[in-house]
Amino acid sequence: MKWVKFIISASITLALFYLLNFPVIEKTPFAIGDFANPYSGFWQNGEMIEEQLDDREIPGLQESVIVQWDNRGVPHVFARNAHDLYFVQGYLTARDRLWQMDIITRAGAGRVAEVIPERVEFDRYRRRTGMLYAAEMAVKAAMADETSRLAMEALSDGVNAWIDQLTPAKYPLEFKVLNYAPEAWSPLKSALLLKYMSWNLSARNNEVLWSRTRTALGDSVMSELFFRKPLNMKTIIPADNAWDFKPVEAPKAPDSLFSATMLAFENMLQPAPDLGSNNWVVDGSKTLSGYPILSNDPHLGLNLPSIWYEMQLVSPEMNVYGVTLPGAPGVIIGFNENIAWGVTNAGVDVMDWYQMHFHPEDPWKYRFGEEWREATPRIEEVHVRGEATIIDTIAMTHLGPVAYRANEESYTDAIPSGMALRWVAHDPSLEVKAFWLLNRAVGYNDFVEALSFYDCPAQNFVFASRHGDIAMHHNGKIPLRWKHQGRFISDGSNPAYEWQGYIPKAHIPYSKNPARGFLGSANQNPVTGNYPYQMYGFYATFERGARIHERLEEMNNITPEDMMALQNDNLNLHARSALPAMLASLQDEELSLFEYRNLELLQGWDYESHRDSIAPIIFKYWWDNFEKLIWEDEFSHPEFGQLKFPRKDVTIGLLLNEPDSRYFDNILTEDYPETLADILLLSFQRADLELSEELGQFSEDWRWGKSRGTDITHLARIPGMSRLALNTNGNRGIVNATGKTQGPSWRMVVALGPEVKAWGIYPGGQSGNPGSSNYDAFIDDWVEGQYYELIYLKSPAETHPDVVAKTILKGGGK
């Protein structure tokens, strides 16, 4: 029984506090007596493991709601009005995921120190970057919109109805471990959840990295290595796409580019670089059924409980199925009887840093153009468990918050001191309305209308309808820029660097019904050079996008099973592109017995990153050492420290197309200039040494699934609540982008037609209770690349062999 394993883990739960980065001292929030209490402690959670939700009356419901439960714990909610639908969404989500909802919104708001006092600097960092401010702006906009207000308030009321009926004995386990109680939900918390996702997906700071590199190495190196045409790129929008609009005039650039004052790297904390996704769609000309098929698998951090919660939401005006973000209203990725949609991260730059020039005698005045402007103080009260409240005062400029003054030490080098943050997510927005409309959309025009309300984080929205249309929109609120604007730290005193508006939504890159019959995105560059606006971003290299394009182009009579196979495609296009040239260089070299063994494994490799193969780990170590030997000499700077290497496709391009490049020579050695062959041989030899040092003697332990593996960790890093060392295929840069801690967080395939059919899976389970069989029930099937039928019910009376229970929730008035 799962609880046996957890109880053993709980008996040594002091490890929790180490992993949460706070010591076990007198003021620890962990109360052993309360936790072990047989009447209210963790034992009570064991009694709730498979507890079925009984029929009940709930104050706040307007009418009765029927919930059908399938055998995977997915609720199919049938309500008679929109208020009750979102109310019950909140009620049921809180039942299964309350602690997850609480801790993520605390992290977004900068309120973790109220539970774990040692996280106070993290909280200040969150406040100073304007996360709480951004959520407040979103709520202000939502409350002025009828549909957004209804959805957010009804969901909050439902969450609170669940909380109100809880006793301390029934609190989710993590509340007991950390010795605190759940608090009331609100629309602000829903907004915080969405802004937290926005930060994870759009808070990329290339300008900080590039400004340091530019200062250290110069403009010519930046142009040569960072701003070159991407290699082998298949753009999201087809290259032959015609732009049927007259572009607005570009902003006027300054006479010369600003050079910011930059410091050396120390702690460069940024969102994980592997966060991305795949989506694609094929029209009826390429499918066996004659109707479109849509696929989506967002790649995010893998945690327990899962980031997603699966639901079907039905009211008189809609019937939608998919995954929700616990704590936000509506379905985020999914389908109804008419359309399906999915998302991948757009990666476009919507965040700029401005170096501010404050008055030497008045720290609240800053120069802008020919005038001195007043910064507005924003007071943040950071409450700390068992300690005095910290009062933080943030300077709010018209460009955004100054996260840290020039004389303050930043929490992370990704947040530079003395600079203001301009971020699209700080602006009022109506993402909740966008998903309200998407959930109810009937056709393409409804889809476009819904996206008109969606701002941040920018996403590639893929679309299909049963009427036969397919589309892809690179959608979001994207600043108008002059050439190079936002690529480096901006001058906060020069009005030319201020955003001058946004690309009109009608001009955002999109494609509808292309002649080739398919569209796909994998976080790569959205457009070719014929697009009339400047669009920079944190784009993926070619591998996943090119592989998806390659397969969709050659496939016909496509079935849903074909799309599932493509989502689980393990071909390493990076290796297929680079390895032949690398191996050819070793043909005449004298190698050791062990090195010959590695060479033979690579020569016989089919480029599949399969869990039972050893070649993938050898290639990874060889490539990592190859890159290091090429770039470490130029990019280890005496003043600025370790600079960011050029992208992987730049290195591949040098290998394949510029074998005499000067970068293969190690500038730190004087004996003779190194060649490409020298670097390949030395990196191959180093790879063998490192593999032996880190993995031991050559054995089954070198197999990809074991040497790399995948960890799905509990949000609080509690070992007994995690699933570690999973034997998985794939890797980042591969269509099956399963990595060590990130990967496909939801795989979905939807076949449109007269009767919609869909399949999906995510690496977790519906319940947040670690003792429930529904806590991690899907993980083993996810590892094996399997899918579940998504049961799409049309009425509460419809039967299905996998529908196993029913709950009637009755309105109880106010």
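This report looks at one helix and at some aromatic contacts in a predicted model.

**Helix H19**

Helix H19 covers residues 615-635, which makes 21 residues. From first C-alpha to last, H19 reaches 29 Å, close to the 30 Å expected at 1.5 Å a residue. Yet H19 has a kink of about 30°, centred on Leu629. The helix is mostly covered, with 17 of its 21 residues buried.

**Aromatic pairs**

The whole structure holds 41 aromatic pairs. Two of them, both tilted, are set out here.

| Pair | Centre to centre | Angle between planes |
|---|---|---|
| Phe335 and Tyr792 | 5.4 Å | 45° |
| Trp631 and Tyr663 | 5.2 Å | 50° |

What does the pair of Phe335 and Tyr792 tie together? Phe335 lies in strand E9, while Tyr792 lies in the loop between strands E30 and E31, so the pair ties together parts that are 457 residues apart in sequence. Both Phe335 and Tyr792 are buried.

The other pair brings us back to H19. Trp631 is in helix H19. Tyr663 is in the loop between helix H20 and helix H21. The two residues are 32 apart, and their pair links distant parts of the chain. Are these rings buried or exposed? Trp631 counts as buried because its relative accessibility is 0%. Tyr663 counts as buried too, because its value is 2%.

Trp631 and Tyr663 also belong to a cluster linked by ring pairs. Other members include Trp210, Phe488 and Phe635.

**A charge over two rings**

Arg405 lies over the face of Phe358, 4.5 Å from the ring centre. Arg405 also lies over the face of Trp364, at 4.9 Å from that ring centre.

Notes. Residues numbered from 1 in each chain as written. Predicted model: local features only at pLDDT ≥ 70, side-chain atom pairs only at ≥ 80, totals over all residues. Heavy atoms only, no water. Helix = DSSP H or I, 4+ residues; strand = E, 2+ residues; numbered from the N terminus. Expected span 1.5 Å × (residues − 1). Bend = angle between axes of the 7 residues up to and from the residue. Buried < 20%, exposed > 50% of the residue type's maximum accessible area, 1.4 Å probe, protein only. Phe/Tyr/Trp six-rings, centres within 6.5 Å; stacked < 30°, edge-to-face > 60°. Lys NZ or Arg CZ within 6 Å of the ring centre and 35° of its normal.
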